[in-house]
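Here are some exercises to work through with the viewer open. Try each task yourself, then compare your steps with the solution.

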Amino acid sequence: MRIPRVGIGGPVGAGKTMLIERIVPELARGGRRVCIISNDVISREDADRMRENLAVRMGVVPEEMVIGIATGGCPHTAVREDPSVNLSVIEEIERDRPGTDLVIIESGGDNITTTFSPRLADYFIYVIDVAGGDKYPRKGGLGIESCDLLVINKTDLAPMVGADLEVMRADAERMRGGRPFVFANCRSGDGAAEIAGRISRDVLFSG
């Protein structure tokens with residue numbers, strides 16, 4: 001049975017890993033069983049961190065359901081041009097863990113051109129952060145313009161970097177042509193319930 005898949009991409013430090021750590025418990029509270037695949041070039045550090053937090057400390061996923069992939073090259077390749085290594089892992093999950101409701105695939109941090117192959121992800125979340133300045137949404141790029149859901153993270157930093165959230169809101173609306181976006185602060189958890197709710201409705205067709 002094919003398991004629905006959500007891809008999460010965005011620049012280094014935007015908050016992709018912390019976003020996953022916030023939305024997985026929300027999904028687990030709704031009875032959803034989630035597997036996480038974390039891609040990075042040479043390190044499995046993010047996967048190790050999520051395994052410690054989500055499996056060991058919180059107990060919301062089994063340890064073996066957080067999988068790290070060291071791509072050995074540009075993270076774009078493993079999620080867009082040639083997603084075969086990720087597809088192979090997902091095939092094993094579908095074969096060995098048929099009760100899994102959702103696979104989340106985290107891309108290694110990269111720039112505003114990040115996208116996911118439609119062969120790999122059914123739904124694409126792109127994460128940017130306010131620390132990049134309020135000009136970020138209007139810079140555009142494939143990730144910002146074409147993702148299914150744009151997450152503008154670290155709203156708490158706006159006063160510190162002189163960013164105007166209303167400017168970001170207006171630019172996101174203009175650049176995305178009506179596609180949804182969410183303001184979030186993954187450190188505090190703000191926005192996590194809304195993002196998990198969108199995944200439930202738009203990907204899992206629940207709620």
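A pocket here is an open set of points on a 1 Å grid over the protein atoms alone, where a 1.4 Å probe fits, with protein on both sides within 12 Å along at least five of seven lines; lining residues have an atom within 4 Å of a point. Its volume is the space filled by probe spheres set on the points, which are joined across faces, edges and corners. The model is predicted, so local features need pLDDT of at least 70 and side-chain atom pairs count only at pLDDT 80 or more, while totals for chains, interfaces and linings use all residues. Residues are numbered from 1 along each chain as its sequence is written, and side-chain values use heavy atoms, with hydrogens and water left out.

**Exercise 1. Describe the largest pocket: its volume, its lining and the elements that build it**.

Step 1: the volume comes to about 380 Å³.

Step 2: there are 23 lining residues, and Gly 13, Ala 14, Gly 15, Lys 16 and Thr 17 lie nearest the centre.

Step 3: helix H1 (16–29), strand S2 (34–40) and helix H2 (45–57) each give two or more residues to this lining. Helices (H or I, at least four residues) and strands (E, at least two) are DSSP runs, numbered from the N terminus. H1 has the largest share, three residues.

Step 4: sort by class, with Ala, Val, Leu, Ile, Met, Phe, Trp, Tyr, Cys and Pro as nonpolar, Asp, Glu, Lys and Arg as charged, and the others, Gly among them, as polar. The lining then splits into six nonpolar, nine polar and eight charged residues.

**Exercise 2. Do the same for the second largest pocket**.

Step 1: this pocket holds about 160 Å³ of space.

Step 2: its lining includes Met 18, Glu 21, Arg 22 and Pro 25, as well as Asn 53 and Leu 54.

Step 3: H1 and H2 each supply at least two residues, and H1 gives the most, with six.

Step 4: the classes are five nonpolar, two polar and five charged.

**Exercise 3. In what order do the strands of the sheet run, and which strands lie at its edges**?

Step 1: two strands pair if DSSP finds at least two bridges between them. Seven strands form an open sheet in the order S3-S2-S4-S1-S5-S6-S7, with parallel pairing.

Step 2: strand S3 (66–70) and strand S7 (181–183) are the edge strands, each pairing on one side only.

Step 3: from one strand to the next, the twist averages 20°. Axes are lines fitted to C-alpha atoms, for helices over the stretch in contact, and angles run from 0 to 180 degrees between N-to-C directions.

Step 4: strand S6 (residues 149–153) pairs with S7 over three bridges, and Leu 150 stands opposite Phe 181 in S7.

**Exercise 4. Which residues of helix H8 are buried, and what covers them**?

Step 1: H8 (residues 192–202) runs at about 165° to S5.

Step 2: buried means under 20% relative accessible area, exposed over 50%, and partly exposed in between (1.4 Å probe, protein chains only). In H8, Ala 192, Ile 195, Ala 196, Gly 197, Arg 198, Ile 199 and Ser 200 are buried.

Step 3: their cover includes S1, H1, S4, S5, S6 and S7, where contact means heavy atoms within 4.5 Å.

Step 4: in the segment after H8 comes Phe 205, which has a positive phi of about 55° and is exposed at 71% relative accessible area.
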